[in-house]
Amino acid sequence: MTFARVDDVAAELGRDIAADGTEAKQITKWLRRAEMLIRNRIPVLDEWCKDENYRDIVVEVESAAVARKALNPEGVSSTMLQIDDGNMQTSIDSSRSRGEISILDEEWDMLLKRVSSDLATAVITPEPVVIPLPHYPYDY
């Protein structure tokens, strides 16, 4: 069972998805794949999701990743329509043109924020270098 549900993806897409339809089955499979990607990088996901705020972040990331896939399942990067002498070409954002479930870098930053806050940060400050002033012979 994934943290995000088909209803979360439907809200992300802005349309209704029948719970017993083919699209719901497909989205459920994509949600499992999205969560598998997250679990591969964050093996303690269940423990972290005990925090309700973090679980909301996971739901948002999973549903956004699946919505990108649902909007462009074939991974088309551009389309061109030509009628007589005129043509029109549209390009699709590169985040949606892969055709695979993918978690964006910004989303990984949100998911891994907890890891970076639990670790101590080391700050290295270099020693100042003293450069002597030049000696001017005529007292300038």
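Select G14 to begin. This residue sits just after α1 and takes a positive phi of about 80°. Keep in mind throughout that the model is predicted.

**Stop 1: the whole chain**

Zoom out. Colour by secondary structure. You should find 5 helices and 2 strands. Trace the chain along its sequence, and the pattern reads α-α-α-α-β-β-α. Now colour by burial. The chain has 140 residues, and 30% of them count as buried. How much of the contact in the chain joins residues 24 or more positions apart? Among contacts with a separation of 6 or more, such pairs account for 67%.

**Stop 2: helix α1**

Select residues 6-13, which form helix α1. Which residues of α1 are buried? Show V6, V9, A10 and L13. Look down the helix axis. These residues lie on the same side of α1, because they cover an arc of only 105° around the axis. Here is a rule to help you read the view: an α-helix has 3.6 residues a turn, so residues three or four places apart point the same way. Next, show what covers the buried residues of α1. The cover includes α2 and α4.

**Stop 3: A10**

Stay in helix α1 and pick A10. Is A10 buried or exposed? Its relative accessible area is 9%, under the 20% cut-off, so A10 is buried. Leave aside residues up to four places away in sequence, and A10 touches R15 and I17. Now add A67. A10 and A67 are 57 residues apart in sequence. Draw a distance from C-alpha to C-alpha, and the gap between A10 and A67 is 8.1 Å.

**Stop 4: α1 against α4**

Show α1 and α4 together. Their axes are 9 Å apart and pack at an angle of about 60°. The two helices are therefore oblique to each other. The crossing of α1 past α4 is right-handed. Which residues make the contact? Select D8, V9, E12 and L13 on the α1 side. On the α4 side, select V59, E60, S63, A64, V66, A67, A70 and L71. Colour this set by class. The contact of α1 with α4 has 8 nonpolar residues, 1 polar and 3 charged. V9 and L13 appear here again, having been listed among the buried residues of α1.

**Stop 5: α2 against α4**

Keep α4, residues 52-71, on screen and add α2, residues 22-41. The axes of α2 and α4 come within 9 Å and cross at roughly 125°. That angle makes α2 oblique to α4. Here, α2 passes α4 in a right-handed crossing. Select I27, W30, L31, A34, E35 and I38 in α2. They meet V61, E62, V66, K69 and A70 in α4. By class, this contact of α2 with α4 has 8 nonpolar residues, no polar ones and 3 charged. Leave V66 and A70 highlighted. Both belong to the contact of α4 with α2, and both also belong to the contact of α4 with α1.

**Stop 6: E107**

Move to helix α5, residues 105-118, and pick E107. Is E107 buried or exposed? E107 counts as buried, because its relative accessibility is 7%. What does E107 touch? Not counting residues up to four places away in sequence, show V61, A64, R68 and S102. Two of these have already come up on the tour. V61 is part of the contact of α4 with α2, and A64 is part of the contact of α4 with α1.

Methods:
Residues numbered from 1 in each chain as written. Predicted model: local features only at pLDDT ≥ 70, side-chain atom pairs only at ≥ 80, totals over all residues. Heavy atoms only, no water. Axes fitted to C-alpha atoms, helices over the stretch in contact; angles between N-to-C directions. Helix = DSSP H or I, 4+ residues; strand = E, 2+ residues; numbered from the N terminus. Parallel < 35°, antiparallel > 145°, perpendicular 65-115°, else oblique. Left-handed = near helix turned anticlockwise from the far one by under 90°. Contact = heavy atoms within 4.5 Å. Nonpolar A, V, L, I, M, F, W, Y, C, P; charged D, E, K, R; others polar. Buried < 20%, exposed > 50% of the residue type's maximum accessible area, 1.4 Å probe, protein only. Arc of directions from axis to C-beta.
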